[in-house]
Amino acid sequence: GTVEELLGRTVDSALFFGDLTIEQIAQAATAGQAHRTEELTDKADSDSDQAPMSEGQSQLQFYDRLFPLDVSANLPFALRFGRRIEAGRLQEAVAAVVAAYPSLRTTLGPAGTRVQTVHAETRVPWQVQELEEEDPARIREFFAGVAYQRFDLVASPLIRAAAVIAPTSTTLLLVCHHSVVDYWSLQIAAARIVAGVLDLDYGDLSPVGPSESASAADWARAEARAAASDRGRASLTALVEKWRPLRDQALFPPRPLARRRRNPAAVTDFELGPDVTSAVYEHAKSRGFTPFVSLAAAYLRALHLTTGHDQVVIGVPHHGRNDSRFAGTVGYLVNLVPLLGDFRAGPLGSSPNALDALEERTWRELRESLTHADLPLSHLIRALGPRRDGNTPLFQTTLTFQQSGDGLLNDGFATPWSGCR
């Protein structure tokens with residue numbers, strides 16, 4: 001994003017995932033006449049309050065109808081301030097964030113319409129509780145009741161807020177439905193809320209800088225245009241050819257087809273100490289990879305050993321913000337891309353050389369996957385036409401890697417650039 005802002009033109013993100021030197025990247029990035037891509041907002045729709053849903057939003061609406069009791073798409077995050085802050089100030093800060101980002105004023109159209117509506121104003125539902133003394137257990141209980149109430153994707157605001165005000169601290173909870181935010185968005189929203197509550201300069205706190213960004217509705221339009229372009233069709237053709245042999249593979253035995261009201265997916269929480277996480281970072285740095293590459297290689301090998309499959313496919317979320325105009329966009333821009341672990345060459349063993357080779361293969365596979373990250377996964381699945389047997393098609397497990405704004409693995413959802421947690 002910073003490179004594009006300096007050059008005044010878009011830059012192919014693939015340059016940064018290849019084997020080019022810094023000098024070669026600079027030469028390729030500055031070559032040609034400075035230009036911008038097409039205007040994001042269609043002129044005919046510039047005054048409209050409706051826009052097409054993104055593919056991701058459409059899928060989330062489908063899951064919401066498929067699992068009507070499931071609330072796993074509710075994304076709550078909390079900010080704790082080490083002082084007492086009046087409820088009115090908190091509400092003003094949240095209202096400013098909602099006014100700044102159209103996606104937070106968005107609801108989805110009825111099923112089948114594939115439209116989203118951006119409202120001029122949205123009244124955020126609020127709950128405030130005042131305590132005479134600090135009581136963490138009571139705070140958690142109160143917030144759990146707020147966080148896991150189901151959203152009506154068509155009728156209700158897809159955001160709600162709550163606060164607990166104690167004598168020496170204030171904790172603010174914001175809950176959004178995944179169809180209007182992703183985790184990248186939450187960091188942006190958190191920074192703006194902190195700026196409003198503490199009367200700070202948002203430009204100094206923002207993880208993406210102070211520049212304005214295009215809206216999530218603009219992103220949905222751009223996604224549709226890109227998928228229908230020659231490049232998009234060529235990308236789909238290449239992906240179908242690669243993944244067709246694996247379209248019906250299932251890492252785990254298929255579950256019986258039955259009506260469920262909650263998503264049967266499971267989450268396993270585990271904790272790694274600071275020594276282990278530091279070692280992962282140092283190892284990745286020594287190999288010239290990101291920590292994600294090392295973690296993905298380890299995860300793929302673990303699945304290979306657990307399931308016995310020589311080819312293992314996992315889903316990897318991509319942030320969807322290769323275009324710098326969307327770096328500060330709040331919305332659901334994420335797309336899942338498939339990542340292959342190929343162990344057909346035989347037992348990997350535990351020698352350093354074998355593990356290094358696995359990381360190298362994972363890195364190259366990830367680079368290839370990212371070149372097609374703009375193509376919605378749903379388009380690939382439809383083109384593959386996999387067998388439907390109760391498992392999700394192509395992959396049944398994902399790997400998500402979240403870091404805080406300063407790249408450190410702090411506890412919880414931290415916003416260290418603001419000094420708050």
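## The four-stranded sheet

In this predicted model, E130 stands opposite I165 of strand β6, and the two strands concerned, β5 and β6 (residues 159–165), pair in the parallel sense over five bridges. They belong to an open sheet of four strands, ordered β2-β7-β6-β5, in which the pairing is mixed. Because β2 (74–81) and β5 (126–130) stand at the edges and each has a single partner strand, one side of each is left without a neighbour in the sheet. From one strand to the next, the twist averages 15°.

## Helices on the sheet

Helix α4 (residues 87–100) packs on the sheet, where it touches β5, β6 and β7 (170–177), and its direction makes about 155° with that of β5. Helix α6, for its part, lies across β2 and β7 and runs at about 30° to β2.

Helix α6 covers residues 183–198, that is 16 residues, and reaches 23 Å from its first C-alpha to its last, which is close to the 22 Å expected at 1.5 Å a residue. Which residues of α6 are buried? They are S185, L186, Q187, I188, A189, A190, A191, I193, V194, A195 and V197. As background to reading such a list, an α-helix has 3.6 residues a turn, so residues three or four places apart point the same way. After α6 comes D199, whose phi is positive, near 60°.

## Salt bridges between distant helices

The count of salt bridges in the model comes to 18. One of them joins R382 and E55, whose closest N and O atoms are 3.6 Å apart. Since R382 lies in helix α13 (residues 377–384) and E55 in helix α3 (residues 55–66), this pair ties together parts that are 327 residues apart in sequence. The two partners are placed in contrasting surroundings: R382 is exposed, with a relative accessible area of 53%, whereas E55 is buried, with a relative accessible area of 11%.

The side chains of E368 and K242 also meet in a salt bridge, at 3.6 Å from N to O. This pair links distant parts of the chain, with E368 in helix α12 (residues 352–370) and K242 in helix α9 (residues 230–243), 126 residues apart. E368 counts as partly exposed at 36% relative accessibility, and K242 is likewise partly exposed, with a relative accessible area of 23%.

Helix α12 also contributes D356, which forms a salt bridge with R287, the closest N and O atoms being 3.5 Å apart. As D356 lies in α12 and R287 in helix α10 (residues 274–287), the pair ties together parts that are 69 residues apart in sequence. D356 is partly exposed, with a relative accessible area of 25%, and for R287 the relative accessible area is 25%, so that residue is partly exposed too.

## A shared network and the loop residue R114

Salt bridges that share partners join E55, R114 and R382 into one network. Where does R114 lie? Its place is in the loop between β3 (106–108) and β4 (115–118), and R114 is partly exposed, with a relative accessible area of 36%. The backbone of R114 deserves a remark as well, as its phi is near 55°, a positive value in a residue other than glycine.

## A second positive phi, at L394

Phi of L394 is near 75°, again a positive value in a residue other than glycine. L394 is found in the segment after α13, the helix in which R382 lies. Is L394 buried or exposed? With a relative accessible area of 3%, L394 is buried, which means that its value falls under the 20% cut-off for that class.

## T277 and the start of α10

T277 lies in helix α10, the helix of residues 274–287 that also holds R287. The backbone oxygen of P274 lies 3.0 Å from a polar atom of the side chain of T277, a separation within the 3.5 Å that defines a polar contact. T277 is buried, with a relative accessible area of 19%, and this value is under the 20% limit used for burial.

Key. Residues are numbered from 1 along each chain as its sequence is written. This is a predicted model: local features need pLDDT of at least 70, side-chain atom pairs count only at pLDDT 80 or more; totals for chains, interfaces and linings use all residues. Side-chain values use heavy atoms; hydrogens and water are left out. A salt bridge is a side-chain nitrogen of Lys or Arg within 4 Å of a carboxyl oxygen of Asp or Glu. Buried means under 20% relative accessible area, exposed over 50%, partly exposed in between (1.4 Å probe, protein chains only). The expected span of a helix is 1.5 Å times one less than its number of residues. A polar contact is a pair of N or O atoms within 3.5 Å; within protein, one must be able to donate a hydrogen and the other to accept it, and residues adjacent in sequence count only if both atoms are side-chain atoms. Two strands pair if DSSP finds at least two bridges between them. Axes are lines fitted to C-alpha atoms, for helices over the stretch in contact, and angles run from 0 to 180 degrees between N-to-C directions. Contact means heavy atoms within 4.5 Å.
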